Each structure stands twice: as structure tokens, then as C-alpha cells.
Amino acid sequence: MAFKLSLNTQPFSGSALIHFYAKFRLPQNARKAFDEIIHRDEVCYGALIVGLAQNSRPLDAFSAFAEMKGCNVRSTIYTVSGALSAAGQMVALEHCRVIHGHAIVAGLDGNVVVGCTLIDGYGRVGHIVDARMVFDELLPGVNTVVWNAMMSVYAQHGDKSSVLGMYNAMQVEGLVPDRFTFLALLTAFCNAGLFLESEQWFQRMRMEYKIKPGLEHYKCLVGAMAGAGRLEEAEHIAMTMPFEPDAAVWRTLLSSCAYHGAVDKTCEMAKRLLELDPRDDSAYEIVANVLSAKGRWDEVAEMRKLMIYRRVKKKQGRSWIEVKGKVHVFLAEDRRHEKTEEIYSKLAELMEKIEKSGYVPVRDEMLLREDKREAHRYDSEKLALAFGVVAGAAPPGKALRIVKNLRICRDSHEAFKYFSRVMGREIIVRDANKCHRFLNGSCTCGGIW
Ligand code: ZN
């Protein structure tokens, strides 16, 4: 490697190199640069842990954190916040708790950066009460950044009244809302499907607070409009906003058009999305499913051909669940786990229960296999759920938390609604796009994700 200079024996230069690789999205090189450092101090560990967490390598970030503790290297706000961010990405509650405890022992829990990452981490794992406790402990005298972190947690979970309550309380404290405060407000309204409020607050931010909306603010507005079925208006905003719409904007429009059964619009949005991201397998799948629902089989076949021609493969889904501080990862039809027998029989039992209460498997038209109805029976998220039940991932009555690296598939989404009802418990699935809370047979995403 060109950067393998004599620098790497000195901690400071080594950490600069780690930063460099992490910034350019080369986490493996960052790890290699770290491994070549002889005297590994807290600065090097900080650069590595933060770099790995920022590059979506939460498991690697964690093992680096464990390694650091094993070597008796002192914790800093960087190592603690990097490890917490990794815990948040994995939706690993026990890990969050352990690092929280570690931060208290190291005297770092009062730090604003650590506090914000803790709030974010607890928020991601769905423990809003813990996030709020951290926030309350940091009060009084905290700045807008901490308020925004807490508001963003409420917003992610669609709790718009708490976001609004905090917005008002913030003003009482004499703090001035900034672009992130408004982003939390708009996210909350978008997740709650309130397009009128979204528009009002968007204008308020511009006119009253003179804040220029960024792409993220526009995305919320597009999402709120599209979710409410105002597809033309949503598309108009996307086309006329002062930013080039990115793949995420078209993806939002695509899901909403499909949800509202606007077949031609769905095809149009998929075309736009595929121009930017031709390998997005979910776009082909969404279009094929919408077309098949209308009986347009020739076009379904064309979509399938196009996918084969472009050599687009379905990405491999991975789901994981944390049990007693350990993260268990599953692939579809995975049989590697030591409790495989128990997991499969628990899943069979659960499937039988939901079938009896009215669940019908959702067909996936993009699959070439014959048994389309059976194709999703052993999806990674279903296996993770069955394992969670077998292993007692949460006490009875408490929510089960699963994470998926991709978007939850339509069939699992349907099945999980029934699971939540027959099991009489809350199931939280954080997928690549959204946080789904299944309870009593319905999901907070309202069917659009
Ligand atoms: Zn959902």
C-alpha cells in the first residue's frame, strides 16, 4: 500500500492514517493500518472504533472496543461514542447498557457527545424511556444538539406530540431551534403521515426562522405528501426542489405509488430510481408485484427479463437479534445455528398459528422458483424471531427486537403483523429504511416503507 510509510509506528500518525482510510470508506485498510501500529493508545483506538462504526461495521467496531478494554487502554469520549453508535446500529440493547455503565465508571456520562450517542443508541434499540433518562440527567444547561437528539428519537418512533412538546419546552429554555430541530419535527409529521402539518412547519422554518431547507427536509415533505396519496404534488416537489433528487427520494415515491396502487406512476418512479441505482433489486420486485396485482403478466415477465439481462441479483438478507448480550445473525434458510432444530419447530408452530388466524403468504413475482408461496417461509427475519422466542430474548410481554440489513420483505411484514397478534407482544423490526413496530396485528409504518 502506498501509505505504508514509516509513520505507522507512531500512534499519532497511525491514527491520522486510520482516519484517512475511514473517511474514504476503506474500513479494511483502516484496520490494517491499525494492526501495524506498535504502541496502540486511546487515540488510535478512538480513530479505529469511530471509523468502523461510521463505515457500518458495528461488529468490528465492537470487537475493537472489547480489545481496547482487554489491553487496559483508557476510554475516551471517542471510543465510548464510537462503540455506542455501533450498539445503536446493531440495535443491541445490552451492549448499549454495558457501554453506558462503562461510560459512568470512566466519568464520561456527563459529556454531551457521549450523552447524544447514548440517546441515539437507546432510541435506535427502541428504549425511548432510557433515552429520555439520559436526556433528563444531562439537563439543565444542555445545548440545542442534545434537545435535537432526543426529539429525533421521538420522531423516528412517530411520536409527534412528544416532539412538539419538546419544541415548546425548548423555547421556554431560551434555546433557538435549528435545521436539525426542524428535521426532527418534519420526520415526526412524515412518519405520522401528516402532510398538512409537514407543509406548515416546512414554511415556518423558511419564513419565520429563515432556515434554508436542505435535501433531508425536502425528503420529509415528499414522503409526507406521497404517503398521504398526494402523488402528483409529491412528484412536483421532487422535480422542482433546489436539489437533484437522489435514489432515496425516488425510492420513497416508488413505495408510496405502489402502496396507493398507481401502477403507471410506480413504473415511472422505478425507472427514475433505476437510472440512479440500476442494481436496486427491490425496485424490480415492487414493480413486478404491482403489475401482477393488476394482471399485467407480460410486463411482469419483461421486468424479470430485464433483471436477468442486467444481472441484478436479489441481495442477501441478514437479520439479527440480541440475546443476553450476544448478537445472533441469520440468513434466509439458515441452518447453521446450534439451536436450528428448535428454531425451525418454533417457526413451524408460529406459522401454523398465524395461518389459522387468517394470514395468507404474499407471493413474490420476481422469484423464479415454483413454490412462490413457500419462498419466504424461512426468511432471515422469521428465523431471528423464532430464535428470539426459543431463547427468551425478552421477558414475556416485552418487545422482541430484530434488525435487518435490507428492507423487510412484504411477506414477512404481513406475517409479523399476525405474529404480534397471536403472540400478544410487540415486535420491533428495524430495517434498512424504517423502524417497524408491530402490535395487535398492525404496524406503525402503515404499510409504506
Ligand atoms: Zn411496517
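Contact here means heavy atoms within 4.5 Å. The model is predicted, so local features need pLDDT of at least 70 and side-chain atom pairs count only at pLDDT 80 or more, while totals for chains, interfaces and linings use all residues. Residues are numbered from 1 along each chain as its sequence is written, and side-chain values use heavy atoms, with hydrogens and water left out.

Select isoleucine 119 to begin: leaving aside neighbours within four places in sequence, isoleucine 119 is in contact with Ala131, Val134, Phe135, Leu138, Val146, Ala149, Met150 and Val153. Ile119, Met150 and Leu253 have the most contacts inside the largest nonpolar core, which has 110 residues; such a core is a set of buried Ala, Val, Leu, Ile, Met, Phe, Trp, Tyr and Cys residues joined through side-chain atoms within 4.5 Å, where buried means under 20% relative accessible area with a 1.4 Å probe, protein chains only. Apart from that core lies another, of 31 residues, among them Ile321, Leu350, Val429 and Cys443.

Next, select helix α9 (residues 144–156) and helix α11 (residues 179–191), DSSP runs of H or I with at least four residues, numbered from the N terminus. The two pack at an angle of about 10°, with their axes 8 Å apart, the axes being lines fitted to C-alpha atoms over the stretch in contact and angles running from 0 to 180 degrees between N-to-C directions. That makes α9 roughly parallel to α11, a term for angles under 35 degrees.

Finally, select cysteine 116, whose sulfur is 14 Å from the closest cysteine sulfur, in cysteine 96, too far for a bond. The whole structure has zero disulfides, a disulfide being a pair of cysteine sulfur atoms within 2.5 Å.

Technical notes
Parallel < 35°, antiparallel > 145°, perpendicular 65-115°, else oblique. Buried < 20%, exposed > 50% of the residue type's maximum accessible area, 1.4 Å probe, protein only.
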